Amino acid sequence: MDSIEARFKLDWPGFTLDVDLALPGRGVTALFGHSGSGKTTLLRCLAGLERASHGRLEFKGKIWQDEKTWLPTHQRPIGYVFQEASLFAHLNVLGNLNFGLKRSTTAQRVGLEQAIELLGIGHLLARKPDTLSGGERQRVGIARALAVGPEILLMDEPLAALDLKRKQEILPYLERLHDELAIPVIYVSHSPDEVARLADHLVVMDDGRVVADGSLVATLARLDLPIRLGEDVGVVLDATVGELEKEWHLARVDFAGGSLWTRDRGVPTGRRVRVRVLARDVSLAVLDPVPSSIQNVLNGTVEAIGDDDHPGLLLVRVQVGATLLVARLTRRSAAQLGIAPGLPVSVQIKSVALME
Amino acid sequence: MLTDSDLQAIWLTIRLAGITTLILFLIGTPIAWWLARTRSWWKGPLGAVVALPLVLPPSVLGFYLLLAMGPNGPVGQFTQSLGLGTLPFTFWGLVVASVFYSVPFMVQPLQNAFEAIGDRPLEVAATLRASPLDTFFSVVLPLARPGFITAGILTFAHTVGEFGVVLMIGGNIPGVTRVASVQIYDHVEAMEYGDAHRLSAVMLAFSFAVLLTMYMRRSNLRREA
């Protein structure tokens, strides 16, 4: 009952969308894929902006679409954030925020004031959209979607139209949404970094189909993802800040299987954090490693081996306690070390990205 | 200065143009909206029909309207069955003819304005709980405001400037169908060149003022954008 069941089949010239998904009714679900994979089309089908010829959509026990039913977009309890903020040019910021609020009958789970506070736009209310920066516009767009009191938030690459600086400006707000919002969020993205930061659940799409679907942690640790991630192959760990070493500006993060040292980003001890470990930053040794500059050395067991994009490279999945890590090795070094499932190894981690 | 009959003709012209513009706002807006949004095969043919008065000699349009509204025409039979008599050579006959004559001047600017808005604001409005009708009034109309102003001014000015259709449908009845352009024609026919000069100068000044306002507005909008 507490989830979203979506089945769509849509035929366009040169493109077919064919998906059958059950999405969790809470947390952030990322629809991830390259451009043209159909992730935006799927999101538009969920919103009713696109009508799949054959489809069935059930949201928390209510039918939005089947053979007999079609709930038009304006009757669906959604919030939608477009890639470009698409603010109404004839209204100021407050007018934009009020537009949906005035028309919405759904319960106010996130009220207007909360949305304004959450996105930090209180000082912009009297401004016209054309006087705002791209980042400000997108924050207003997100607040406007929240102000209608939606039961689900749909976001179509809200950062894609922004430059790196604006992205960095908005990401903290999105992370706050992730932490404070009680409603499910479907987040379309082609950026592995955004997905690793924000998602709890990951749906990978390719050529109009779902090619992987599962929890973020488990899906990223798969070696057989049929989509090229290149330098972004890696895992995400849920961890807690355990200790700060002020003298060295380092923080220790503890996860199920060990701990890692990372740069102190000012996150206080006890706080839950996300840690991203890229496969390219992980190396393996079979003997106890000699002293080196690498601070993070963990003991693990080789669990599985998979192909990488390049024929000279391999991906090796290592079990460390209850956690899986993925390392990228050259095929030659794997052969020289005799890497095989079951082999005990030392895992050396060169760098760790800590995401609050 | 202007004679009483000149003033009467000017007042009649303003009434005719004003009523025509109001009627065309009501008729032209849905036509323009449909033309801007449809993917139907009929878009081409209807678009061409709307544009016809731009190229047809007004006498041709007037001739057909005269036949249609005359005692034996379909419109004429209809108006007679309602006990209204026939429309030619009446003020309301002129209004009907002007509506046809000026329709492209209303529809085309509106259609351009609607097309320039695109799909996105409509989709945004739908995700913010606005029904299609609500969206039209709360989003489309305000965003298309410059288009409505242009369309209104052009329609009004074009109706003021009509002559051929008036002569065919309305004839030349003082206070009923004798508009300013016909009055000038009368002055010239009667060799009253001084009267023709004065009224022509008024029309020239009016037309220039209208167009000037519009083009100044347009360049102001561009500067703001």
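In this predicted model, the radius of gyration of chain A is 22 Å, which agrees with the value near 21 Å for a compact globule of 356 residues. The C-alpha trace of chain A spans about 65 × 50 × 35 Å along its principal axes. Of the 356 residues of chain A, 40% count as buried. Among contacts in chain A with a separation of 6 or more, 67% join residues 24 or more positions apart. The secondary structure of chain A consists of eight helices and 20 strands.

Chain A is assigned two domains, domain 1 (3–220) and domain 2 (234–355). Their C-alpha centres lie 33 Å apart. Five residues from domain 1 of chain A and seven residues from domain 2 of chain A make the contact. On the domain 1 side, helix H6 (192–198) and helix H7 (216–220) of chain A each supply at least two residues. H7(A) gives the most to that side, with three residues.

Chain A also touches chain B: 16 residues of chain A are in contact with 13 residues of chain B. On the chain B side, helix H6 (120–127) and helix H7 (132–143) of chain B each supply at least two residues. H6(B) gives the most, with six residues.

The table gives the residue classes for one side of each contact.

| Side | Nonpolar | Polar | Charged |
|---|---|---|---|
| Domain 1 of chain A, touching domain 2 of chain A | four residues | no residues | one residue |
| Chain B, touching chain A | eight residues | two residues | three residues |

How values were computed. Residues numbered from 1 in each chain as written. Chains lettered and ligands numbered in written order. Predicted model: local features only at pLDDT ≥ 70, side-chain atom pairs only at ≥ 80, totals over all residues. Contact = placed C-beta atoms within 7 Å. Helix = DSSP H or I, 4+ residues; strand = E, 2+ residues; numbered from the N terminus. Nonpolar A, V, L, I, M, F, W, Y, C, P; charged D, E, K, R; others polar. Rg over C-alpha atoms; globule rule 2.2 N^0.38 Å. Buried ≥ 20, exposed ≤ 12 C-beta atoms within 10 Å, placed from the backbone. Domains from an automatic or database assignment.
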